[in-house]
Amino acid sequence: MESVTQPLAAALRQNPPPPTPPLHHRILTATALPHLKQIHAKILRSGLRLPASFVSRLLDASYSSPSSSSLDYVLSVLIHYHASSSPLVNRSLCTLARAAHPRWTLAAYGRLRRAGIGIDRFSLPAVLRAAAKCRGTTSAVVREVHGLSAKMGFDADAFVQTAVVGAYAALGQTADARGVFDRMIHRDLVAWSVMLDGYCQSGCYNEALLLFDEMRSSGVVPDTVILATILSACGRAKNLVLGEAVHSFILESNISFDAYLHSTLISMYANCGLIDTAQSLYDEMLPKNQVASTAMFFAYAKLGQIETARNIFDQMTDKDLVCWTAMISGYAESDQPNTALKLFNEMQLLGVKPDEITMLSVISACANLGALDQAKGVHIFVNRNGFDHVLSIRNALIDMYSKCGRLADACRVFNEITGKNVITWTSMITGFALHGNGRSAIALFDQMVAEGIMPNGVTFISLLYACSHTGLVEEGRRIFQSMVDVYNIEPKHEHYSCMVDLLGRAKLLQEALELIESMPFAPNVVVWGSLLGACKIHGDIELGELVAKKLLELNPDHDGAYVLLSNIYAKASRWDDVMQVRKLMKNKGVLKEAGFSWIELNGHVHEFMMGDKSHPRSSDIYGTLDEVVKELELVGYSPDTKAVLVDLEEEEKREAVLLHSEKLALSLGLINSTRGSCIRIAKNLRICEDCHSFMKLASKVFEREIVLRDRTRFHHFKDGVCSCGDYW
């Protein structure tokens, strides 16, 4: 052993280790929390006083990754620090408030208060900002801090009171925020900006505009931030007059247009429908930023000019998630759900991760398309990417499965949700309504009320819709009356429209007309349209002419009014009147909406128009259709030529009715399916009587379940019977 240790000792004498740095040097250079804690322990054992700079670094290191243990540690340091100075307390609270975990700020505030550590005017705003970030659970904290500020004499302190206004507004409590704001003795630009922004964030755009008028009357000159806020509110509230006035004020005051203000102005005009003005401002903008470009293509998408919108989108070099989501939403809302889903797939390939708003648009596109395979894929994506806990998305999944014809899957999603809100219940009630399960819709409504969830106006629209498509007249009358008598909800146009539809389908046309005449406000095109549809179903020419006249007085270009009136005449074989209506449509440039159907096979959607021969397998489809017709004629099928609403020879009518788009879609479905399987078809218009009979017989002869969604509801054909009971 000596032979080993002697050379080592000699080496150490020749090269001694560097001396341990003095404590004060280590205090100045240490940054890592474990190292700082070791130094802290040495200082405490030595009885030295903690330098303020060391405490500051210790706090910074602890806050870099706050946890329960680090928070306890740093609060102990603060509480026992010999100075317990306000600057350190304020710095601690401000740092925590800016961190990703604002609840630590509230915990620290409570601990410091219980320890008797002084809180001053600089501490309170930090606590209020943290409380505002913890939405939905901290109203009591804001009120407690608000009360403390008054006790400490800060009720006249603009800095503190502005923070109180901001906290209330951020939590959506705009009335409380306004109460504090109105009592403020001195309101600077920041205070006005916070209150205006609070109104806008809560969707109270008209209140924001009224407050802006009050601000101008008070002689306060707005800055660019406030002007941008007000322009945004004008756009949301569709208040073009004030928006133009603000624009004029900007020009007259020679206020420079920064990119944000310019973008907001473009958005305001686009939202108010002045797309040409918005486009002019957009053309002047160099370089064009994301906000302005997004506003422009979203405005064009809303107007149905989706190709123009896409051109702007494609020219953007740096698209963020907001841009992608807006474009996907534009396609989903412009009846191009298939393109919306393709764009969503493209977005994923580029590595852009969706958020909740994106997923709601994607789910909506799936629902509108009615493509079950794609819907299932989106549901899997939702689960794998952590969106399955979001209530709004789960509510949307209920709607998606209902519109894809899978009511059982919609019920499964519904049953799995805990903490259902009124939208959850209403979505499921709507699902039952779409599938003609009126009794189930009413039973679910009764269960909803029994569980203490109060219905809203949309709930009653779904209930009345369910009654209408199931012929539940008495139940519909009772529900309509209960809106006012029991739930204190005033019926709107949509509710009257549902009641008119309910009565009209039941052939109670006179009662429906009397209900319209008793309305407390003027009927709109939807209400008259419901009655006109009933006149078409029951062939009431006299009333149909009266209703069509009323409808066209409100909207001279309403294609549905002309088409329904033409169909009423056609059913009565009044072909001269049909020609007059169609001539009038041509002269006015009114085009009838073209009917088309689509079917999903192996994840691909195939669309058909009437007599369509553009499909790659067109010859196979028409060959199959001929075989199907022959098979069905053997069991009594005869084409119902009354469904052809043009004046043709009988043979021409027969040929025309056999070429309806849903029959072509069914033929492709039969080619690609086996007996006992399910074929799902969707159609943009109401299914005609002949196609309805055709589908019933086909389901029995070819042993398929056929699920067809038309414009108003689902038809489940099986074993020669339809779920609607021939009442649609």
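A residue counts as buried when its relative accessible area is under 20%. By that criterion, 49% of the 728 residues of the chain are buried. The structure described here is a predicted model. The chain holds 39 helices and six strands. Among its contacts with a separation of 6 or more, 61% link residues that lie 24 or more positions apart.

**Nonpolar cores**

- The largest nonpolar core has 184 residues, and the members that touch the most others are Leu93, Phe297, Met400 and Leu531.
- Helix α10, residues 158-170, contributes the largest share of this core, with eight residues.
- A further core of 32 residues lies apart from the largest one, and its members include Val657, Ala665, Leu666 and Ala698.
- Beyond its neighbours within four places in sequence, Leu93 is in contact with Thr105, Ala108, Tyr109, Leu112, Ile119, Ser123, Ala126 and Val127.

**The second largest pocket**

- Rolling a probe the size of a water molecule over the atoms reveals where empty space remains.
- The second largest pocket encloses about 1,000 Å³ of space.
- Its lining consists of 33 residues, and those nearest the centre of the pocket are Ser232, Arg236, Ser267, Asn271 and Val322.
- At least two lining residues come from each of the helices α12 (189-201), α14 (224-237), α16 (259-271), α18 (290-302), α20 (321-333) and α22 (356-369).
- The largest share of the lining, seven residues, is supplied by α18.
- By residue class, the lining of this pocket comprises 15 nonpolar, 12 polar and six charged residues.

**The sheet**

- Strands of a sheet are paired through backbone hydrogen bonds, in either a parallel or an antiparallel sense.
- Here, six strands make up an open sheet with mixed pairing, in the order β2-β1-β3-β4-β5-β6.
- The edges are formed by β2 (604-609) and β6 (721-722), each of which pairs on one side only.
- Strand β1 (residues 596-601) runs antiparallel to strand β3 (residues 678-683), and three bridges join the two.
- Within this pair, Ile599 has Ile681 of β3 as its bridge partner.
- Strand β3 pairs in the parallel sense with strand β4 (residues 705-709), over five bridges.
- Ile681 also has a bridge partner in β4, namely Leu708.
- Strand β4 in turn pairs with strand β5 (residues 714-718) in the antiparallel sense, over four bridges.
- In that pairing, Arg709 stands opposite Phe714 of β5.

**Lys663 and its surroundings**

- Lys663 belongs to helix α38, which spans residues 661-671.
- Lys663 counts as buried because its relative accessible area is 0%, and the cut-off for burial is under 20%.
- Setting aside residues up to four places away in sequence, Lys663 touches Leu625, Tyr637, Val657, Leu658, Asp690, Cys691, Phe694 and Met695.
- One of these contacts, Phe694, is 31 residues from Lys663 in sequence, with a C-alpha to C-alpha separation of 8.2 Å in space.
- Another residue touched by Lys663 is Val657, which is also among the members of the 32-residue core.

Note on methods:
Residues are numbered from 1 along each chain as its sequence is written. This is a predicted model: local features need pLDDT of at least 70, side-chain atom pairs count only at pLDDT 80 or more; totals for chains, interfaces and linings use all residues. Side-chain values use heavy atoms; hydrogens and water are left out. A nonpolar core is a set of buried Ala, Val, Leu, Ile, Met, Phe, Trp, Tyr and Cys residues joined through side-chain atoms within 4.5 Å. Buried means under 20% relative accessible area, exposed over 50%, partly exposed in between (1.4 Å probe, protein chains only). Contact means heavy atoms within 4.5 Å. On a 1 Å grid over the protein atoms alone, a cavity is a set of points where a 1.4 Å probe fits but cannot get out, and a pocket is an open set with protein on both sides within 12 Å along at least five of seven lines; lining residues have an atom within 4 Å of a point. Grid points are joined across faces, edges and corners, and a volume is the space filled by probe spheres set on the points. Ala, Val, Leu, Ile, Met, Phe, Trp, Tyr, Cys and Pro count as nonpolar, Asp, Glu, Lys and Arg as charged, and the others, Gly among them, as polar. Two strands pair if DSSP finds at least two bridges between them.
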